[in-house]
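User: Please take a close look at one part of this model, the interior of the first chain. I would like a connected account of how its elements pack and pair, with the other chain used only as background.

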Amino acid sequence: MVSTAQISAVAKCLGDPTRRAVFERIAREGEIAATSLVKGSRVSQPAVSQHLRALREAGLVTERREGRHIHYRVAPKGLAPLIDWLGHYQTFWRERFENLEKLLKETQ
Amino acid sequence: MSETRAITVEQVLPYAAEKIWHTLTTSELIAKWLMPNDFAAAIGHRFNFRTRPMGDWDGVVRCEVLACDPPRLLRYSWKGGSDSNTTHGTRLDTEVTWTLTPVEGGTHLKMVHDGFVLPQNQSAYDAMSPGWGKVLDGIARVTAEG
């Protein structure tokens, strides 16, 4: 069971727009080296490092070390607290829309 | 004092608004696509949706028709859940609004489920919502690969 504290921790972490941008970029790339993250953004290297640390501590990304480089990936279960809560209702309505569409088609 | 968030689902369907309205407001049809119910399209009518119980919640969504303007607008309250549930089946005091707009080739159907009270930190949720879809796409891809 996901606690309110877990939901808040994840929400708080992604509440920072720059950090969220870093997170979304990692999600988009699949896996990306910290150095590439710095190159492709206007944010300084220490700031990126700080955001990556916060994301890792919130359980939102995982890291893999390869020589001098550290690669980051999104942790699939990291967003679970948020997905569970509001996403449950979003999914509920999407599925109901699909049912509705099927029913409309049948009763043509 | 409490701040809320809404869920929106919308789609253009290749049918006349009247036909969609009929499906949205006929009890037996609603049961087929949404949930068993005793709905009637009259302002002030109180009705229930029934789903499976969760925790302390009996699985009954208590509703009242708040607006009914065929075939354009339908709004009902949506109350249920329990304070002791933390995710599915949380206490809800919300509203569902259906809007039907004729467009070329059919009807634009929009559903807004409004009034979700957020646990904490409203600004974080607000800031997050624009990136939601993209983030989920990324997660889906990562999960599929893993």
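Analyst: What follows goes from the chain as a whole to a helix contact, two residues, a sheet and the nonpolar cores.

Residues are numbered from 1 along each chain as its sequence is written, while chains are lettered from A and ligands numbered from 1 in the order in which they are written. The model is predicted, and local features need pLDDT of at least 70, side-chain atom pairs count only at pLDDT 80 or more, and totals for chains, interfaces and linings use all residues.

Chain A has 5 helices and 3 strands; helices (H or I, at least four residues) and strands (E, at least two) are DSSP runs, numbered from the N terminus. Along the sequence these elements follow the pattern α-α-β-α-α-β-β-α. Of its 108 residues, 25% count as buried. A residue is buried if 20 or more other C-beta atoms lie within 10 Å of its own, exposed if 12 or fewer, and partly exposed in between, with C-beta atoms placed from the backbone. Among contacts in chain A with a separation of 6 or more, 58% are between residues 24 or more positions apart; two residues are in contact if their C-beta atoms, placed from the backbone, lie within 7 Å.

The helix contact comes next. Helix α2 (residues 17-29) and helix α4 (residues 45-57) of chain A pack at an angle of about 75°, with their axes 10 Å apart. The axes are lines fitted to C-alpha atoms, for helices over the stretch in contact, and angles run from 0 to 180 degrees between N-to-C directions. The two helices are therefore roughly perpendicular to each other, the class for angles of 65 to 115 degrees; under 35 is roughly parallel, over 145 roughly antiparallel, and the rest oblique. On the α2(A) side the contact is made by A:T18, A:R19, A:V22 and A:F23, and on the α4(A) side by A:V48, A:H51, A:L52, A:A54 and A:L55. By class this contact has 6 nonpolar, 2 polar and 1 charged residues, where Ala, Val, Leu, Ile, Met, Phe, Trp, Tyr, Cys and Pro count as nonpolar, Asp, Glu, Lys and Arg as charged, and the others, Gly among them, as polar.

A:L55, in helix α4 of chain A, counts as buried because it has 25 C-beta neighbours inside 10 Å. Apart from its neighbours within four places in sequence, A:L55 is in contact with A:C13, A:R19, A:V22, A:F23, A:L60 and A:V61. A:L55 and A:A75 are 20 residues apart in sequence and 9.7 Å apart in space, C-alpha to C-alpha.

A:V61 is found in strand β2 of chain A and counts as buried, with 22 C-beta neighbours inside 10 Å. Not counting residues up to four places away, A:V61 touches A:I26, A:L52, A:L55, A:R56, A:Y72, A:R73, A:V74 and A:A75. Its C-alpha lies 8.4 Å from that of A:I26, a residue 35 places away in sequence.

The sheet of chain A is open, with 3 strands in the order β1-β3-β2 and antiparallel pairing; two strands pair if DSSP finds at least two bridges between them. β1 (31-33) and β2 (61-66) stand at the edges with a single partner strand each, so one side of each is left without a neighbour in the sheet. Neighbouring strands are turned by 30° against each other on average, direction ignored. β1(A) is joined to β3 (residues 69-74) by 3 bridges, and A:I32 has A:Y72 as its bridge partner in β3(A). β2(A) and β3(A) pair over 6 bridges, with A:E63 opposite A:Y72. The hairpin of these two strands has 2 residues between them, and there A:G67 takes a positive phi near 60°.

Chain B serves as background for the cores. In the largest nonpolar core, of 19 residues, B:I20, B:W21, B:L24, B:W98 and B:L100 touch the most other members. Such a core is a set of buried Ala, Val, Leu, Ile, Met, Phe, Trp, Tyr and Cys residues joined through C-beta atoms within 7 Å. α1(B) gives the most to this core, with 4 residues. A second, separate core of 17 residues includes A:A11, A:V22, A:I26 and A:V74. Of these, A:V22 also belongs to the helix contact, and A:I26 and A:V74 are both touched by A:V61.
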